[in-house]
Amino acid sequence: MSRLYQPSDYVVSKSRLPSFEQYKEMHKRSLEDPEGFWSEIAKEFYWQTPAEPGNFVSYNFDINKGKVFTKWLDGAVTNVCFNLLDRNVRNGHGDKIAYYWEGNHPDDYSRITYRKLKDLVCQCANGLRERGVTKGDRVSIYMPMILETVVVMLACSRIGAVHSVVFAGFSSDSLAERMSDCKAKMLVTADGAWRGEKLLMLKKICDEAIDKAEKKHGHKVETCLVVKHVDRVTPCGQLQEYTTWDDERDVWWQELIDEQSTICSPEWMAAEDPLFMLYTSGSTGKPKGVLHTTAGYLLYATTTFRYVFDYQDKDVYWCTADVGWITGHTYVVYAPLANAATSVLFEGTPFYPENDRYWSLIDKYKVSQFYTAPTALRSLMKFGDEYVKRHSLQSLRVLGSVGEPINPEAWLWYRQLVGGGRCSVADTFWQTETGGHVLTSLPGATPMKPGAAGFPFFGVEPALLDEGGQLISGEGEGYLVFARPWPGLMRTLYGDHQRYEQVYFSKFPGYYCTGDGARRDEDGFLWVTGRVDDMLNVSGHLMSTAEVEGVLTEEPRVAEAAVVSRPHPIKGEALYCFITTTDGAHFDQSLVDALKKLVRARIGAFAVPDTIQYAPGLPKTRSGKIMRRILRKIALNDTDIGDTSTLADPAVVEQLFKNRP
Ligand code: WTA
């Protein structure tokens with residue numbers, strides 16, 4: 001049995017929701033009267049046309065009863081950017097700091113108020129319009145963590161364009177595929193960016209991607225908008241050397257945007273008009289364009305932020321996630337701004353110039369809410385406690401965790417050492433698809449257990465199902481599903497509603513299926529146990545085994561590839577690959593190097609496998625299905641492999657144990 005932690009008196013005394021009973025009551029109300037619950041929050045926002053009473057939510061989760069859909073506030077008309085900026089400026093927050101921006105180098109920092117941010121967003125929106133971007137057009141964004149990234153995302157939402165941010169660690173192949181899939185009209189990037197001591201050639205990667213989009217996928221990107229970023233701080237000439245410039249297509253941000261008017265009328269959007277899309281890995285390999293819409297996402301992002309981080313007026317909040325992931329969308333951009341919060345936006349890494357950068361920034365900006373990933377915590381833990389102890393960290397009140405299950409050891413380190421034993425830890429479980437937190441603890445309200453995501457957020461009704469689709473009530477473990485939509489749930493996969501229904505709603509009709517397993521313990525806590533499909537989570541980056549196998553088999557010397565996950569002390573999981581070679585080909589170091597290079601080129605550096613093992617054959621059933629369960633055991637060097645009666649050739653297994661590198 002794991003220990004129960006109660007919120008400290010300090011956290012409770014500051015909390016807007018200071019008791020477990022209150023949480024339970026509010027959660028109950030959110031399920032019994034969704035319209036009453038959410039319309040109260042909707043009142044804070046500006047609506048060109050408000051939602052009609054009685055028409056607040058409609059949905060069908062049962063694929064057997066027809067098309068799966070979800071609608072919130074149907075008929076309402078608004079603009080998200082207007083609500084994040086103009087509304088806050090009108091409400092007296094014009095001079096409030098929206099972001100403290102901290103560059104990779106500690107001497108490079110700035111700040112921006114809500115008023116100034118609004119001006120910049122309007123200028124950018126006018127610039128986008130000048131280049132022909134209009135409502136419904138897709139804009140791909142491949143950017144470092146700089147203010148212009150936030151600006152261009154909001155500029156899109158101001159004019160009704162749909163942004164598709166691609167994490168700037170993806171390769172040019174991945175970027176080309178994503179731009180082509182959504183037929184992006186424009187790509188926004190920067191000349192480059194520093195990450196620690198490494199210079200990333202962003203424009204160069206974009207040049208390659210635009211070229212590949214055209215040659216491989218037949219899609220032409222009309223405009224490439226480029227922020228002069230690296231060249232601004234450290235003109236180094238290095239970038240120009242590698243970058244090409246196409247006068248028709250390419251335009252400097254500073255030339256297009258700086259002279260634009262700071263007045264830009266927003267495009268009024270229907271509640272269910274698209275706000276943005278974001279690609280996430282799919283178990284068949286092809287990325288899925290998760291689509292979020294306007295009104296429901298705004299309500300849900302706002303509410304989760306307010307309660308999960310217990311953000312209050314004078315607080316300074318910092319989420320370390322890159323804007324290229326959903327955490328960066330909801331909890332770096334949309335939710336903090338909707339709450340008129342002050343945030344830190346950090347370009348660099350936790351290890352530069354020293355391994356205490358995070359802790360030193362918490363003191364520099366007096367951060368009260370800090371939100372990061374278990375993989376970052378584990379990699380910082382290994383440097384020892386001294387780096388943390390150099391700093392006061394007294395400003396902290398709430399610590400958040402996201403992206404993967406947090407191991408109790410890291411949880412305790414986070415709470416005791418970083419949080420001084422006084423902070424609450426919110427282990428937030430959610431997905432690109434869920435738009436915002438769905439299971440979490442709430443700082444002043446819920447008790448915590450190290451490693452448990454805890455309880456459903458308002459409006460969320462989780463359930464555990466067994467393989468046959470039967471509900472598991474009380475204690476037990478099963479598939480984690482949700483019985484109804486909350487406002488932030490994605491509405492479709494871009495251009496492929498059938499895949500949406502098939503992936504998320506076909507296994508258990510009537511439920512949204514997360515693809516994760518979970519356990520409910522004797523106290524009602526939910527523990528997310530990890531993916532139950534062929535997906536794996538390396539340092540919080542979700543990828544599918546099929547995606548990596550697809551790349552490995554592109555190499556002509558490879559006949560067959562099977563990828564499994566192996567637990568890793570820092571990354572959470574790591575890729576372990578088995579390779580059979582084609583006739584006459586040799587498995588040697590040059591092949592291993594070539595395969596690593598290929599994965600880096602096709603997907604990105606974060607997907608490069610830790611281990612590649614030669615396999616004379618793969619363990620298969622008589623019907624030819626690879627038995628991954630056995631491969632996982634081999635990766636672990638665990639010879640207790642259980643029942644092997646369905647194996648076509650048991651001798652293969654022995655060989656594979658012998659061949660472990
Ligand atoms: C995993 C990231 C356990 C899970 C926001 C999920 C977690 C996938 C947690 C989504 C958590 C995320 N505890 N597992 N607190 N948070 N996951 O789409 O497997 O990048 O399905 O969204 O990460 O990853 P995604």
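# Aromatic pairs, ligand shell and backbone features

Trp245 is partly exposed, with 33% relative accessible area, whereas Trp252, at 18%, is buried. Here buried stands for under 20% relative accessible area, exposed for over 50% and partly exposed for the range in between, computed with a 1.4 Å probe on protein chains only. The structure is a predicted model, in which local features need pLDDT of at least 70 and side-chain atom pairs count only at pLDDT 80 or more, while totals for chains, interfaces and linings use all residues. Residues are numbered from 1 along each chain as its sequence is written, and side-chain values use heavy atoms, leaving out hydrogens and water.

## Aromatic residues

A search of the whole structure yields 57 aromatic pairs. One of them joins the two tryptophans named above: Trp245 and Trp252 are stacked, with 4.6 Å from centre to centre and 20° between the planes. Rings of Phe, Tyr and Trp (its six-membered ring) pair when their centres lie within 6.5 Å, and are called stacked with planes under 30 degrees apart, edge-to-face over 60 and tilted otherwise.

An edge-to-face pair is formed by Trp486 and Tyr512, whose ring centres are 6.2 Å apart and whose planes stand at 85° to each other. This pair links distant parts of the chain, since 26 residues separate Trp486, in the loop between β24 (476-482) and β25 (492-493), from Tyr512, in strand β26 (residues 512-520). Helices (H or I, at least four residues) and strands (E, at least two) are DSSP runs, numbered from the N terminus. Both Trp486 and Tyr512 are buried.

One aromatic cluster brings together Phe20, Tyr23, Phe37, Trp38, Trp72, Tyr300, Tyr307, Phe455, Phe457, Phe458 and Phe525.

## The ligand and its surroundings

The ligand is surrounded by 17 residues, and the closest are Asp427, Thr428, Thr432, Asp516 and Arg531; a residue belongs to these surroundings if one of its heavy atoms lies within 4 Å. Polar contacts are pairs of N or O atoms within 3.5 Å; within protein, one atom must be able to donate a hydrogen and the other to accept it, and residues adjacent in sequence count only if both atoms are side-chain atoms. A nitrogen atom of the ligand lies 3.4 Å from a backbone N or O atom of Glu404. Gln431 places a polar side-chain atom 2.9 Å from an oxygen atom of the ligand, and a side-chain N or O atom of Asp516 is 2.4 Å from an oxygen atom of the ligand.

Taken alone, the ligand exposes 530 Å², of which the protein buries 96%; these accessible areas come from the Shrake-Rupley method with a 1.4 Å probe, and for residues only the protein chains shown count as cover. Among the elements of the structure, α14 (326-338), β20 (424-428) and β27 (526-531) are those that give two or more residues to the shell around the ligand.

## Backbone features

Tyr352 and Pro353 are joined by a cis peptide bond with an omega of about -5°, and Pro353 sits in the loop between β17 (342-346) and α15 (357-365). Leu73 has a positive phi although it is not a glycine, and for Leu393, also not a glycine, phi is positive as well. The table gives their values.

| Residue | Phi | Loop between | Relative accessible area |
|---|---|---|---|
| Leu73 | about 55° | β2 (69-72) and β3 (77-78) | 1%, buried |
| Leu393 | about 60° | α17 (386-389) and β19 (398-402) | 3%, buried |
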